[in-house]
Amino acid sequence: MTTTEAPLGPATTTAAPLAPVRAVGTGHVRVEGRDKVTGAARYAGEVPFAELAHGWLVLSTVALGRIRDIEADAVLALPGVLAVLDHRNAPPLKTDYVGLLGTVPDPTCAVFQSDRVPHRGWPVALVVAETSEQAREAAEALVVHYEQVPHDVEFTGDRHDTHPADGHMPAVTDKGDLEAELAASAVVVDATYTTPEEHHHPMEPHAATARWEGDRLELVDSNQGATWVVGELANLFSLDPASVRVRSEHVGGGFGSKGVRAHQVAAVMASGMVGRPVRVVLTRRQMFTLAGHRSPTVQRVRLGADADGRLRALDHRSLSRTSTVYEFVEPSAGVARVMYDADAHHTENRLVRLDVPSPTWMRAPGEAPGSFALEAALDELADKCGIDPIALRLRNEPEVGPVSGLPFAGRNLRACFEEGAHRFGWDRRDPRPGVRREGRWLLGTGTAAASFGAGAAPSTASITAEADGRFTVRIAAADIGTGARTALTLVAADALDVPPERVRVHLGDSAFGPAMIAGGSMGTRSWSWAVIAAADELRERLVPGAAIPAGGITVRSDTTEAIAALAQKERHSFGAQFAEVAVDPATGEVRVRRMLGVFAAGRIVNPLTARGQFTGGMIWGISMALHEEAARDATSGGPVGADLAGYHVATHADVPRVEAHWVEDDDPDDPVGIKGIGEIGIVGAAAAVANAVWHATGVRHRSLPIRPDRVLTGGRDA
């Protein structure tokens with residue numbers, strides 16, 4: 001649906017002739033690139049405000065209990081301190097609502113509502129002062145007395161206090177007689193795989209500045225969707241959404257962590273208390289407890305197959321953990337519902353509640369850890385059957401959705417494997433493990449398949465034909481570093497048949513109307529649909545040679561009806577991952593020498609930034625396979641080494657050669673043809689590395705990361 005704004009007025013300029021130009025599919029540098037490298041682009045913690053005050057969160061030092069007392073008077077007497085906000089003076093918040101994607105709010109963001117402490121690092125107070133330094137000093141001086149009780153943070157696969165949990169997909173799917181098919185199978189794999197707690201940690205910390213003007217609220221924030229934040233704040237504070245404006249022009253990474261969190265809500269409360277703008281920025285250490293994380297998982301995969309590798313039974317069960325205040329599921333078993341079919345097919349996601357911070361969405365939630373378990377199990381099955389790992393996967397390609405029964409809108413996984421095998425030189429691979437050596441190094445290669453959903457959500461956008469011949473696009477999209485601003489510029493240029501230089505895109509402002517968040521790899525597809533719809537309507541209004549009024553002509557689109565009318569099918573991006581590793585059996589060192597990913601991901605809007613997204617995900621997969629692991633101390637209940645020195649990630653020296661390519665991938669029913677690529681790159685990447693380590697050494701690693709000590713002990717913890 002589209003509506004036209006700005007009626008025709010006195011003519012001041014004539015519309016320039018529209019000449020066909022194709023921008024989508026050709027490489028373009030980021031349109032905001034110069035601003036970012038020169039510092040002109042301002043992030044949430046840099047936007048100036050008059051009379052700005054600063055807030056500093058105080059986090060609990062116990063893992064479970066209650067607050068007995070907070071000695072605020074001594075802190076209030078310190079230089080520059082304006083207020084101490086805690087459960088005794090904070091305004092009440094509404095938490096009994098359903099928010100974005102049908103989820104209820106994480107009570108961690110509903111700060112200062114009771115004296116309860118459900119985990120270490122829970123927000124217990126906010127100190128507000130004239131400067132950030134004064135706020136921090138006062139926050140560190142604040143004395144909080146607790147009534148502490150024993151806590152439980154132990155996550156193991158043999159706990160009995162677990163339960164099935166739906167999350168954003170059904171907890172359990174089931175068809176066929178699983179035990180009968182396993183018993184009738186010629187080859188069976190039954191293995192347990194584990195992944196550790198992991199953290200997002202974008203380069204730009206979480207930051208927010210709140211300002212009240214009467215009953216109107218403005219928030220300058222670093223988030224993944226202004227519409228999302230408006231809705232949550234309006235619900236929490238019982239406000240009219242029209243009275244809330246959220247701006248987030250530049251975001252330095254999100255990966256699922258930048259929704260509504262404690263710092264934004266605390267800033268809103270504090271601004272109302274002191275009558276001034278208040279900025280709250282999380283420290284790197286605070287992000288380990290307040291920004292969410294990926295839960296550890298324990299996954300059991302059972303595969304039963306005929307001697308030729310055709311699956312008769314597939315059983316994928318995953319256990320993850322959540323906090324005691326909020327139920328979030330890491331749906332690792334969900335990946336099996338798309339990838340492979342079997343006569344008997346069972347998947348199950350279970351949870352255990354522990355005294356830990358709440359997990360949240362993290363790049364490819366479910367798919368990243370789930371693909372490690374499933375694709376490693378497929379590799380084990382290929383070895384047992386004596387079948388090439390690629391041939392085994394292609395032999396089990398489903399014709400329809402294994403669980404949904406819906407047809408695939410496109411499933412070009414075969415093309416990804418064929419192209420990848422050719423580029424990687426897979427045909428030269430000796431299938432025997434542990435036989436290829438180069439000096440002190442054992443060499444091996446591995447592969448894995450990948451998939452990620454290609455959804456779209458309703459969005460609105462407006463385009464204005466300006467009197468100077470340019471076009472201005474306004475949409476409440478979020479560019480979290482993915483290049484969305486540039487992609488939308490190219491999409492709009494093609495839809496309007498003008499060069500990209502004549503298009504300006506403004507985003508990150510809730511005043512532009514509701515739009516999908518940057519999440520679930522649905523952002524660019526959803527926003528492009530709205531931009532194209534507005535452009536189509538605007539082109540009907542613009543006739544070459546016709547006059548354009550001084551105020552321009554604006555058309556607004558809403559894709560709600562169009563998306564609802566899209567045929568129901570299984571829509572996904574697919575990919576094939578390849579890795580070559582070198583392993584030193586004397587030291588346990590593992591080095592990835594090269595990695596290749598080939599993807600079927602719809603229309604590639606900007607090859608330059610798309611390749612960066614693919615390879616960035618693959619590098620994260622290397623990091624997941626070999627480095628990332630957050631440890632939690634059983635005694636304190638808190639994270640160990642809560643900084644980027646103790647939490648290891650892959651660096652340049654760990655990533656010598658990573659390549660990404662793509663194949664044609666069309667959906668005839670989809671008028672946009674764009675699929676998300678932000679998450680597909682990490683899916684399957686860790687499994688490809690782990691499978692390559694097996695091929696190099698003959699030892700199967702079922703627990704990530706593959707640390708040197710695990711290599712030395714044959715896959716076991718020392």
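# Helix packing, cores and unusual backbone in a predicted model

Q: At roughly what angle do the axes of helix 9 and helix 16 cross?
A: This is a predicted model. The axes of helix 9 and helix 16 come within 8 Å. Helix 9 passes helix 16 in a right-handed crossing. The axes cross at roughly 35°.

Q: Which residues of helix 16 meet helix 9?
A: Helix 9 contributes S371, F372, E375, A376, D379 and D383 to this contact. By class, the contact has six nonpolar, two polar and three charged residues. On the helix 16 side, the partners are A686, A687, A690, N691 and W694.

Q: Is D379 buried or exposed?
A: D379 lies in helix 9, which spans residues 367–385. Its relative accessibility is 3%. Buried means under 20%, so D379 counts as buried.

Q: Which residues is D379 in contact with, leaving aside neighbours within four places in sequence?
A: D379 is one of the helix 9 residues that meet helix 16. Its contacts include N691 and W694, both in helix 16. The full set is P389, R393, T447, N691, W694 and R700.

Q: How are helix 15 and helix 16 oriented to each other, roughly parallel or oblique?
A: The axes of helix 15 (residues 607–626) and helix 16 come within 7 Å. They cross at roughly 50°, and the crossing is right-handed. Roughly parallel needs an angle under 35 degrees, so helix 15 and helix 16 are oblique.

Q: How many nonpolar residues are in the contact of helix 15 with helix 16?
A: From helix 15 come M618, G621, I622, M624, A625 and L626. They meet A685, A686 and V689 in helix 16. By class, the contact has one polar residue, no charged residues and a nonpolar count of eight.

Q: Why does helix 12 count as roughly parallel to helix 13?
A: The axes of helix 12 (residues 484–496) and helix 13 (residues 523–541) come within 9 Å and cross at roughly 30°. Angles under 35 degrees count as roughly parallel. The crossing angle therefore makes helix 12, relative to helix 13, roughly parallel.

Q: Which residues of helix 13 meet helix 12?
A: The crossing of helix 12 and helix 13 is right-handed. Twelve nonpolar, two polar and one charged residue make up the contact. Helix 12 brings A484, A487, L488, V491, A492, A495 and L496. Helix 13 brings T524, W527, S528, V531, I532, A535, L538 and R539.

Q: Which helix gives the largest share of the largest nonpolar core?
A: The largest nonpolar core has 86 residues. Those with the most contacts inside it are L303, L374, L381, V581, M595, F614 and V689. The largest share is ten residues, and it comes from helix 9.

Q: Which residues does M595 touch, not counting those up to four places away in sequence?
A: M595 is among the residues with the most contacts inside the largest nonpolar core. Its partners include M618 and I622, which lie in helix 15. The full list is Q577, F578, A579, M618, I622, R657, V658, E659, A685, A688 and V689.

Q: Which peptide bond is cis, with omega near -5°?
A: Most peptide bonds are trans. P705 sits in the loop between helix 16 (685–697) and helix 17 (708–712). The cis bond runs from L704 to P705.

Q: Is E51 buried or exposed?
A: E51 lies in the loop between helix 1 (33–38) and strand 3 (53–59). Its phi is near 55°, a positive value in a residue other than glycine. Its relative accessibility is 60%. The cut-off is over 50%, so E51 counts as exposed.

Q: Is A364 buried or exposed?
A: A364 also has a positive phi, about 60°, although it is not a glycine. Its place is in the loop between strand 18 (344–353) and helix 9. At 0% relative accessibility, A364 counts as buried.

Q: Which residues does R120 touch, not counting those up to four places away in sequence?
A: R120 lies in the loop between strand 6 (116–117) and strand 7 (123–129). At 27% relative accessibility, R120 counts as partly exposed. R120 touches S60, T61, V62, A63, T289, P357, S636, G637 and G638.

Definitions and conventions:
Residues are numbered from 1 along each chain as its sequence is written. This is a predicted model: local features need pLDDT of at least 70, side-chain atom pairs count only at pLDDT 80 or more; totals for chains, interfaces and linings use all residues. Side-chain values use heavy atoms; hydrogens and water are left out. Helices (H or I, at least four residues) and strands (E, at least two) are DSSP runs, numbered from the N terminus. Buried means under 20% relative accessible area, exposed over 50%, partly exposed in between (1.4 Å probe, protein chains only). Contact means heavy atoms within 4.5 Å. Axes are lines fitted to C-alpha atoms, for helices over the stretch in contact, and angles run from 0 to 180 degrees between N-to-C directions. Angles under 35 degrees count as roughly parallel, over 145 as roughly antiparallel, 65 to 115 as roughly perpendicular and the rest as oblique. A crossing is left-handed if the near helix is turned anticlockwise from the far one by less than a right angle, and right-handed if clockwise. Ala, Val, Leu, Ile, Met, Phe, Trp, Tyr, Cys and Pro count as nonpolar, Asp, Glu, Lys and Arg as charged, and the others, Gly among them, as polar. A nonpolar core is a set of buried Ala, Val, Leu, Ile, Met, Phe, Trp, Tyr and Cys residues joined through side-chain atoms within 4.5 Å.
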